Amino acid sequence: MKMKLYCSATSPWARKVRVAVHELGLGDLVEEVPTDPYNATPEFLTLNPLSKVPALVTEKGEALPDSTLILEYLMTRGRGLAALPRGAQRWQLLRQLQLSDGIIGAAVTCRMESLRPAEFLYPPWMERQQRAIVRALDALEAEARTLVLDGPIRTAEISAGVALGYLDFRMPQLQWRSGRDRLASWYFTFAQRPSMLATQPPAA
Ligand SMILES: N[C@@H](CCC(=O)N[C@@H](CS)C(=O)NCC(=O)O)C(=O)O
């Protein structure tokens with residue numbers, strides 16, 4: 001039996017895991033199960049009471065929710081991603097990871113806001129998320145030189161790549177590349193990785 005990855009084609013959190021599955025060479029061991037968390041089946045709610053994708057069920061039937069937890073687990077199962085270093089570089093990488101995850105979180109919040117009926121929209125909330133995204137992008141731009149392209153990548157690169165891809169997908173009006181040449185140049189190459197090409201979201 002294969003591991004089952006409950007995911008959707010548009011979820012950036014699920015994409016982080018799907019990219020990692022490719023990078024770790026685990027494609028043959030993982031079966032993707034397309035899942036809409038907003039129309040969840042009783043089976044899905046039992047394995048992830050939080051009703052969020054991604055969720056992974058291992059061959060032993062253990063259910064793991066949350067992309068960060070799933071990545072940690074998958075890194076024990078495959079090779080191809082660099083482990084976190086020790087020392088100062090560790091905290092830099094974890095900080096970058098938080099910035100990218102924060103961009104994903106804020107962008108998903110904007111997306112969900114945009115689906116509300118007009119009478120329930122609260123523009124200041126959306127604007128707050130957008131300002132956070134812009135500041136986090138600027139912080140990543142300042143450190144873009146440290147993002148790796150050759151050799152084993154790290155989870156920080158996966159999260160950054162997925163975050164930028166999600167902005168292209170859901171918030172193209174943000175024009176995140178403008179004034180961020182280093183990040184744009186890094187992403188241009190990163191987006192060509194087979195793991196990124198195989199997990200592109202459908203046309204918006
Ligand atoms: N912290 C979670 C976030 C997962 C998440 O929010 N996924 C969204 C799809 S992009 C979802 O399933 N939303 C359903 C909901 O919030 O009820 C992770 O890293 O996996």
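This section walks through the predicted model from its overall fold down to individual residues.

The secondary structure of the chain comprises 8 helices and 4 strands. Read from the N terminus, these elements follow the order β-α-β-α-β-β-α-α-α-α-α-α. The radius of gyration is 17 Å, close to the 17 Å given by the globule rule for 204 residues, so the chain is as compact as a globular protein of that length. Measured out along its principal axes, the C-alpha trace spans about 50 × 50 × 30 Å. Of the 204 residues, 36% count as buried. Sequence-distant pairings are well represented: among contacts between residues at least 6 apart in sequence, 75% join residues at least 24 apart.

The domain assignment divides the chain into domain 1 (3-75) and domain 2 (88-194). The C-alpha centres of domain 1 and domain 2 are 21 Å apart. Across the boundary, 9 residues of domain 1 are in contact with 10 residues of domain 2. On the domain 1 side, helix 1 (residues 12-23) provides the largest share, with 8 residues. That side of domain 1 is made up of 5 nonpolar, 1 polar and 3 charged residues.

Attention turns next to the ligand. The residues around the ligand are Ser 11, Trp 13, Pro 37, Ser 51, Lys 52, Val 53, Pro 54, Asp 66, Ser 67, Thr 68 and Val 108. By class, this shell has 5 nonpolar, 4 polar and 2 charged residues.

Several members of the shell deserve a second look for their backbone geometry. Most residues other than glycine have a negative phi, and most peptide bonds are trans. Against that background, Val 53 and Pro 54 are joined by a cis peptide bond, with omega about 5°. Pro 54 sits in the loop between helix 2 (42-47) and strand 3. Ser 51 belongs to the loop between helix 2 and strand 3, and Ser 51 has a positive phi of about 55° although it is not a glycine. With 14 other C-beta atoms within 10 Å, Ser 51 is partly exposed. Asp 66, found in the loop between strand 4 and helix 3, also has a positive phi, near 80°, and is a residue other than glycine. Asp 66 counts as partly exposed, having 16 C-beta neighbours inside 10 Å.

Helix 3 (residues 67-75) follows, and its buried residues are Ser 67, Ile 70, Leu 71 and Leu 74. Seen down the axis of helix 3, these residues fall within an arc of 100°, so they line one face of the helix. An α-helix has 3.6 residues a turn, so residues three or four places apart point the same way. The buried residues of helix 3 pack against helix 1, strand 3 (55-57), strand 4 (63-65) and helix 6. Ser 67 thus appears twice in this account, as a buried residue of helix 3 and as one of the residues around the ligand.

Helix 7 (residues 181-190) offers another one-sided arrangement, with Leu 183, Trp 186, Tyr 187 and Phe 190 as its buried residues. Viewed down the helix 7 axis, they fall within an arc of 95°, so they line one face of the helix. Their packing partners are helix 5 (123-142), helix 6 (155-170) and helix 8 (194-197). The face of helix 7 turned away from the buried side carries the exposed residues Asp 181, Phe 188 and Thr 189.

Two further residues illustrate buried and exposed surroundings. Cys 110 lies in helix 4 (residues 88-114). A residue is buried if 20 or more other C-beta atoms lie within 10 Å of its own; Cys 110 has 21 and is therefore buried. Leaving aside residues up to four places away in sequence, Cys 110 touches Met 126, Gln 129, Gln 130 and Met 171. The C-alpha atoms of Cys 110 and Trp 125 are separated by 8.5 Å, although the two are 15 residues apart along the chain. Glu 119, by contrast, is placed in the loop between helix 4 and helix 5. Glu 119 is exposed, with 5 other C-beta atoms within 10 Å. From Glu 119 to Ala 204 the C-alpha to C-alpha separation is 24 Å, and the pair is 85 residues apart in sequence.

How values were computed:
Residues are numbered from 1 along each chain as its sequence is written. This is a predicted model: local features need pLDDT of at least 70, side-chain atom pairs count only at pLDDT 80 or more; totals for chains, interfaces and linings use all residues. Domain bounds come from an automatic or database domain assignment. Two residues are in contact if their C-beta atoms, placed from the backbone, lie within 7 Å. Helices (H or I, at least four residues) and strands (E, at least two) are DSSP runs, numbered from the N terminus. Ala, Val, Leu, Ile, Met, Phe, Trp, Tyr, Cys and Pro count as nonpolar, Asp, Glu, Lys and Arg as charged, and the others, Gly among them, as polar. A residue is near a molecule or strand if its C-beta atom, placed from the backbone, lies within 6 Å of it. A residue is buried if 20 or more other C-beta atoms lie within 10 Å of its own, exposed if 12 or fewer, and partly exposed in between; C-beta atoms are placed from the backbone. The radius of gyration is taken over C-alpha atoms; the globule rule is 2.2 Å times the number of residues to the power 0.38. The arc is that of the directions from the helix axis to the C-beta atoms.
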